[in-house]
Amino acid sequence: MEIEQSNIANLPTKYGKFKIKAYKQNNQEHLAIMSENFESLKEPYVRIHSECLTGDALGSLKCDCGNQLNLALQFINQNGGLVIYHRQEGRNIGLLNKVNAYALQDKGRNTVEANLELGFKDDEREYSIVKYILEDLKVDKLKLITNNPKKIKYIESLGIKITQRIPAITKKNIYNENYLNTKKEYFGHYL
Ligand SMILES: Nc1nc2c(ncn2[C@@H]2O[C@H](COP(=O)(O)OP(=O)(O)OP(=O)(O)O)[C@@H](O)[C@H]2O)c(=O)[nH]1
Ligand SMILES: [Zn+2]
């Protein structure tokens, strides 16, 4: 697998100062966003955040992604660690297909039914680039910020030790209630 890497650069943000490094694999560009003390940490906090343009950049209320990203950046800036911004939009079906899935949700399908109706699996994400980034940054032990038990299993199956799970819970609203219920009941998220 051919992976291109950037140099490390400074990124001051409203949450505080970070260092960033980019990785490119098959036209998907991912980002490692590190706290300034990252190199000195033996067991960093890590958030693997799947891209959600509508939630992360547009303030969509249909999901919890934007709030989870804000929380994670704030937490990691204060407590030390790494956010991997994993550019697998729409659980890796891409933005156009996610909008089609949203159109089906407007007609009453839930997030899983919509994916299946479009011919996709319920979740198309894969984590090989995450393994690569963690190895590159010399992380073999971490505290993972997630509610997703499947994500924990995937990361552990890559040979990475998770010593603690930190919940990433955000507020419900009338637009994301169904989405969060499906995550809890179908995917088994700790919500
Ligand atoms: N296909 C599809 N993807 C969605 C939908 N809503 C959000 N997403 C994507 O779902 C991904 C986030 O996955 P989630 O299931 O919310 O959470 P997770 O990453 O598995 O688990 P956490 O670590 O607990 O956040 C992002 O890539 C979003 O773009 C949807 O209705 N359909
Ligand atoms: Zn989202």
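Here is a short tour of this structure, stop by stop.

Before you click, note that this is a predicted model, where local features need pLDDT of at least 70, side-chain atom pairs count only at pLDDT 80 or more, and totals for chains, interfaces and linings use all residues. Residues are numbered from 1 along each chain as its sequence is written, while chains are lettered from A and ligands numbered from 1 in the order in which they are written.

**Stop one: the domains.** Colour 3-88 + 125-185 as domain 1 and 96-124 as domain 2; such bounds come from an automatic or database domain assignment. Their centres, taken over C-alpha atoms, are 23 Å apart. Where they meet, 4 residues of domain 1 are in contact with 5 residues of domain 2 (contact: C-beta atoms, placed from the backbone, within 7 Å).

**Stop two: a β-α-β unit.** Select strand 7 (residues 141-145), then strand 8 (residues 161-166). Helices (H or I, at least four residues) and strands (E, at least two) are DSSP runs, numbered from the N terminus. The two strands pair in the parallel sense over 5 bridges (pairing takes at least two DSSP bridges). Find Ile-145 and you'll see Ile-166 of strand 8 opposite. Now add helix 7 (residues 149-157): with the two strands, helix 7 makes a right-handed β-α-β unit. Right-handed means that, with the strands pointing away from you, the path from the first strand over the helix to the second runs clockwise.

**Stop three: the "active site" pair.** An unreviewed UniProt entry lists Asp-123 and Arg-125 under this label; positions follow the numbering used here, feature names are shortened, and annotations may be inferred rather than shown by experiment. Asp-123 sits in the loop between helix 5 (111-117) and helix 6 (128-136), and Arg-125 is in the loop between helix 5 and helix 6 too. Is Arg-125 buried or partly exposed? Partly exposed, because Arg-125 has 18 C-beta neighbours inside 10 Å (20 or more is buried, 12 or fewer exposed, in between partly exposed, with C-beta atoms placed from the backbone). Leaving aside neighbours within four places in sequence, Arg-125 contacts Ser-50, Gln-88, Arg-91 and Asn-92.

**Stop four: "binding site" residues.** The unreviewed UniProt entry gives this label to residues including His-49, Gln-68, Thr-146 and Lys-151. The farthest two C-alpha atoms of the annotated set are 22.6 Å apart, so they do not all gather at one spot. Pick Gln-68 in helix 2 (residues 65-79): Gln-68 is buried, with 22 C-beta neighbours inside 10 Å. Finish on Lys-151 in helix 7, which is buried too, with 21 other C-beta atoms within 10 Å.

Note on methods
Contact = placed C-beta atoms within 7 Å.
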